[in-house]
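Hi,

Here is the structure I promised to pass on to you. Have a look at it first, and then read my notes below.

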Amino acid sequence: MRKHIRTSAWINLMYLPALIMFGLFIFYPFIQGVRVSFTNWNGYSPDFQWVGLDKYKALLQDKNVLITIKNTFIYGFGSTILQNFFGLLYAIFLDRNLKGKGIVRTIVYLPVIISPLIMGYIWYFFFQYDGGTINDVLGLFGKEAVDWLASGKVAVWIITFVNTYQYMGIAMIIYLAGLQSIPKDFYEAADIDGAGGWIKFKRVTLPLLMPSITINVIVNIIGGLKLFDVIIAMTNGGPGYASSSLSTMMYNLYFARQDAGYAAALGNVMFLMIAVISITALIALRRREVRL
Amino acid sequence: MKNISRVSKYVCLILIGVFHLIPFYILFNMAFKSSEETTSKWRFPIQATWDNFANAWEQAHLSRALGNNLIITFFAVLLVVLIGALASYPLARFQTKWNQFVYMLSISCLIVPALTILVPLYKFIVDLGGINTYWAVIMTQVTFSLPMTIFLFTGFINTVPRELDDAGLIDGSSRIGIFFRIIMPLLKPITSTVIILIGLQVWNDYQFSIFFLQKPTVQTIPVALSQFISQFQNQVNWVAAGCFIGMLPMTVVYLFLQKYFIKGMADGAIKG
């Protein structure tokens, strides 16, 4: 316990620079964004009209918005599930005493440090129609070449896969650290009770990994819901809006269609969605954590 | 029986390693193949050539982009460490109601994706005359990296015994003096984590750079590459060489400092 807090107010000046930065580049734009979303501003001209809730109403009727929100959910939840599943699987596997596991860990983690844009371009070579590596393999077995990225539905999952491939290394590392922090006696005690592998995993490993799971799920959900670079590299959100996420759609609306009011309204919806989802997930997961 | 399971484990290990290396293998093949060689991307180049690299380097102006990346990343990381460490000291040490509020406010910025406020942020930067300047990108990068940095620094300062501060006070140091002479030097391990996490993020950034750096002379590697690639889509070997060059600097740094990268990532997560 602290006896008393000795402080003069001026010591708090130390966080003033940070607060000014937040104010200028987050809070002020955020408030402006709410304002702009009630106008029909085009992004550059000095003239605009107040249109009330029109832009939000338009959002509800826009088919592309619906597709985009669905895609964004797949990017968010799909990558989260895949990254956590494979990250945990790899972590458990690489936690064993195997020669060369360090090298494999390095390899699995490598994509994390590469620009997601470049990663997208690299994977494009696999799913290209003409001379794509996957179509080459299909050709070897006498199968017809497939235009993988031409269908939005397939492209969304391909992009989710690429995102998972790139960032599952983070989940793996965090789970590895989590596994190593579980005391060995817990497993010994379970052994004495005659628990099998699955029971041990369910009763010992999983509950004690909850803090790692919380971190991974939150990081992956936020990362997946705002996915941008990979999509730009692989499909540019196309065909049409078939594989676009809220991020790429906003980019498109603002710069290509010059509909700033609409883009701002979409941005606010996106902010609300991500905030609600990540806070709900955080609270739900924190409840399940056990303290050692 | 035991041997079979051992062997199968090693087979698994090798399969995982190979699977994760395939993209790099394909990229390597393509980057070193001349455009006349139209064999499958799976095939090793028959006659390796450096031409693609020369072309990508020239056409995408990668030397200039590399310089821009270095400038932006250096200043962004320097500022984020300085501003972040300064802010974290009072937030960790003096947990008054008001300071707790300020801390929560900072951390809650973690969930604001920059793109959701793209429209007003972009307009604000235009009004400030920040388009095509280094400082606009640096400032926005710093702002959006600060929540994570403050989170890590306050978490770390909380583990530094308060007795050190008290000893400093008894010796007659001011609070600021204590921060710079006693606390700052102790922050080295967490600072290296911050440098790695934020440095990586800034280095690879595309979402801010594509908006704020439109003039070719100020563009960073990801932006320069994206424009090069949309221009030379059909020269797949050039594209591959460009990607190869683009990922090389960070890959080299990673291979030399991988212990710190992996430790930094794990620390960053667990301090939560």
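**A covered helix to start with**

H11(B) is mostly covered, with eight of its eleven residues buried. If you want to click through them, the buried ones in H11(B) are Ile221(B), Pro222(B), Val223(B), Ala224(B), Leu225(B), Ser226(B), Phe228(B) and Ile229(B). One thing to keep in mind throughout: this is a predicted model.

**Chain A in outline**

How many helices and strands does chain A have? The count is twelve helices and zero strands, so the pattern along the sequence reads α-α-α-α-α-α-α-α-α-α-α-α. Along its principal axes, the C-alpha trace of chain A spans about 80 × 75 × 30 Å. Chain A has 292 residues, and 45% of them count as buried. Now take the contacts in chain A with a separation of 6 or more: 71% of those are between residues 24 or more positions apart.

One residue to find in chain A is Asp54(A), which sits in helix H2 (residues 54-61) of that chain. Is Asp54(A) buried or exposed? Neither quite fits: Asp54(A) counts as partly exposed, because it has 17 C-beta neighbours inside 10 Å, and being buried would take 20 or more. Try picking out Tyr75(A) as well: Asp54(A) and Tyr75(A) are 21 residues apart in sequence, and from C-alpha to C-alpha they are 28 Å apart in space.

**Where the two chains meet**

Next, look at the place where the chains touch. On one side there are 68 residues of chain B, in contact with 64 residues of chain A. Which helices of chain B each supply at least two residues to that side? They are helix H1 (2-32), helix H3 (62-93), helix H4 (97-108), helix H5 (118-127), helix H6 (134-158), helix H9 (188-204), helix H11 (221-231) and helix H12 (236-270). The largest share comes from H12(B), with 14 residues. By class, the side of chain B that touches chain A has 49 nonpolar, 16 polar and three charged residues.

For a close-up, zoom in on helix H1 (residues 16-36) of chain A and H3(B), whose axes come within 7 Å and cross at roughly 115 degrees. Here Pro17(A), Ala18(A) and Met21(A) in H1(A) meet Ile83(B), Leu86(B) and Ala87(B) in H3(B). The residues of this contact divide into six nonpolar, no polar and no charged.

**Two helices side by side in chain B**

A pair inside chain B is worth a look too. The axes of H6(B) and H9(B) come within 10 Å and cross at roughly 160 degrees. That angle makes H6(B) roughly antiparallel to H9(B), because the cut-off for this label is over 145 degrees. The crossing of H6(B) past H9(B) is right-handed.

Which residues do the meeting? From H6(B) they are Gln141(B), Ser145(B), Met148(B), Thr149(B), Leu152(B), Phe153(B) and Phe156(B). Their partners in H9(B) are Ile190(B), Thr193(B), Val194(B), Leu197(B), Ile198(B), Gln201(B) and Val202(B). Sorted by class, this contact has nine nonpolar, five polar and no charged residues.

**The domains of chain B**

Chain B is divided into domain 1 (2-49) and domain 2 (54-270). How far apart are the C-alpha centres of these two domains? They lie 34 Å apart. The contact takes five residues from domain 1 of chain B and seven residues from domain 2 of chain B. On the domain 1 side, the residues that touch domain 2 divide into three nonpolar, one polar and one charged.

**Two loop residues to check**

Finally, here are two spots with a backbone angle to look up. His61(B) has a positive phi of about 50 degrees although it is not a glycine. You'll find His61(B) in the loop between helix H2 (51-59) and H3 of chain B. With 18 other C-beta atoms within 10 Å, His61(B) is partly exposed.

Asn132(B) also has a positive phi without being a glycine, with a value near 65 degrees. Asn132(B) is in the loop between H5 and H6 of chain B. Asn132(B) counts as partly exposed because it has 15 C-beta neighbours inside 10 Å.

Have fun exploring, and send me your questions.

Notes. Residues are numbered from 1 along each chain as its sequence is written. Chains are lettered from A and ligands numbered from 1 in the order in which they are written. This is a predicted model: local features need pLDDT of at least 70, side-chain atom pairs count only at pLDDT 80 or more; totals for chains, interfaces and linings use all residues. Two residues are in contact if their C-beta atoms, placed from the backbone, lie within 7 Å. Helices (H or I, at least four residues) and strands (E, at least two) are DSSP runs, numbered from the N terminus. Ala, Val, Leu, Ile, Met, Phe, Trp, Tyr, Cys and Pro count as nonpolar, Asp, Glu, Lys and Arg as charged, and the others, Gly among them, as polar. Axes are lines fitted to C-alpha atoms, for helices over the stretch in contact, and angles run from 0 to 180 degrees between N-to-C directions. Angles under 35 degrees count as roughly parallel, over 145 as roughly antiparallel, 65 to 115 as roughly perpendicular and the rest as oblique. A crossing is left-handed if the near helix is turned anticlockwise from the far one by less than a right angle, and right-handed if clockwise. Domain bounds come from an automatic or database domain assignment. A residue is buried if 20 or more other C-beta atoms lie within 10 Å of its own, exposed if 12 or fewer, and partly exposed in between; C-beta atoms are placed from the backbone.
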